[in-house]
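Charged side chains can be followed through a fold one pair at a time. Please walk through the salt bridges of this structure.

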Amino acid sequence: MSYDRTARLDADFDTAVTAVRKALADQGFGILTEIDVKATLAAKLGHDMEDYLILGACNPSLAHQALEADRSIGLLLPCNVVVRRDGDTTLVQALDPGTMVTLTGLDTLKPVADEATARLDAALSALAAT
């Protein structure tokens, strides 16, 4: 089962991160959390890896609807969006919101997942022009 929505950008990492923030904001997502995996692993383990950033994206209206349908859905929120270097390109990957429906088996989450998918896909499509 595929659980991601992915775009590959011919952009450097910093340019891609800026573009991702804008594309998500344009679709109503704010960034609640940010984890610099590269810096964390370097500081804690002395491990060097490629640029790797996890953004915790949230659309408040959609989060509210999901939480009204299932209070435990917070385990899957916010929507993680990963920006990472992959060779000469930068990958942007978002957790497929349909995963909420698949994991919970709750059909009441389907409209929320569909709307979140449409918004994430629009953000990823906007990145293709980057």
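In this predicted model, the side chains of Asp-26 and Lys-22 meet in a salt bridge, with N and O 2.7 Å apart. Both residues belong to helix α1, where they sit four residues apart, about one turn of the helix. Lys-22 has a relative accessibility of 52%, and it counts as exposed because the cut-off for that class is over 50%.

Helix α1 also supplies a partner for a strand. Arg-21 forms a salt bridge with Glu-34, and the closest N and O atoms of this pair are 2.5 Å apart. Here the link is between distant parts of the chain: Arg-21 is in helix α1, which covers residues 13–26, while Glu-34 is in strand β2, residues 30–36, and 13 residues separate the two. Arg-21 is partly exposed at 30% relative accessibility. Glu-34 is also partly exposed, with a relative accessible area of 46%.

The next pair joins a loop to a strand. Asp-96 and Arg-5 form a salt bridge in which the closest N and O atoms lie 3.1 Å apart. Asp-96 is in the loop between β5 (89–95) and α4 (98–104), whereas Arg-5 is in strand β1, residues 4–9; the pair links distant parts of the chain, 91 residues apart. How buried or exposed is each partner? Asp-96 has a relative accessible area of 14% and is buried, since the buried class is set at under 20%. Arg-5, at 23%, is partly exposed.

This pair is part of a wider arrangement. Arg-5, Asp-96 and Asp-121 are linked in a network of salt bridges. Over the model, the count of salt bridges comes to nine, and the pairs Asp-26 with Lys-22, Arg-21 with Glu-34 and Asp-96 with Arg-5 are among them.

Which residues does Thr-117 touch, leaving aside those up to four places away in sequence? They are Arg-5, Asp-96, Pro-97 and Gly-98, so two members of the salt-bridge network, Arg-5 and Asp-96, have heavy atoms within 4.5 Å of Thr-117. Thr-117 itself is found in helix α5, residues 110–127. With a relative accessibility of 15%, Thr-117 counts as buried, as does Asp-96 at 14%.

Technical notes:
Residues are numbered from 1 along each chain as its sequence is written. This is a predicted model: local features need pLDDT of at least 70, side-chain atom pairs count only at pLDDT 80 or more; totals for chains, interfaces and linings use all residues. Side-chain values use heavy atoms; hydrogens and water are left out. A salt bridge is a side-chain nitrogen of Lys or Arg within 4 Å of a carboxyl oxygen of Asp or Glu. Buried means under 20% relative accessible area, exposed over 50%, partly exposed in between (1.4 Å probe, protein chains only).
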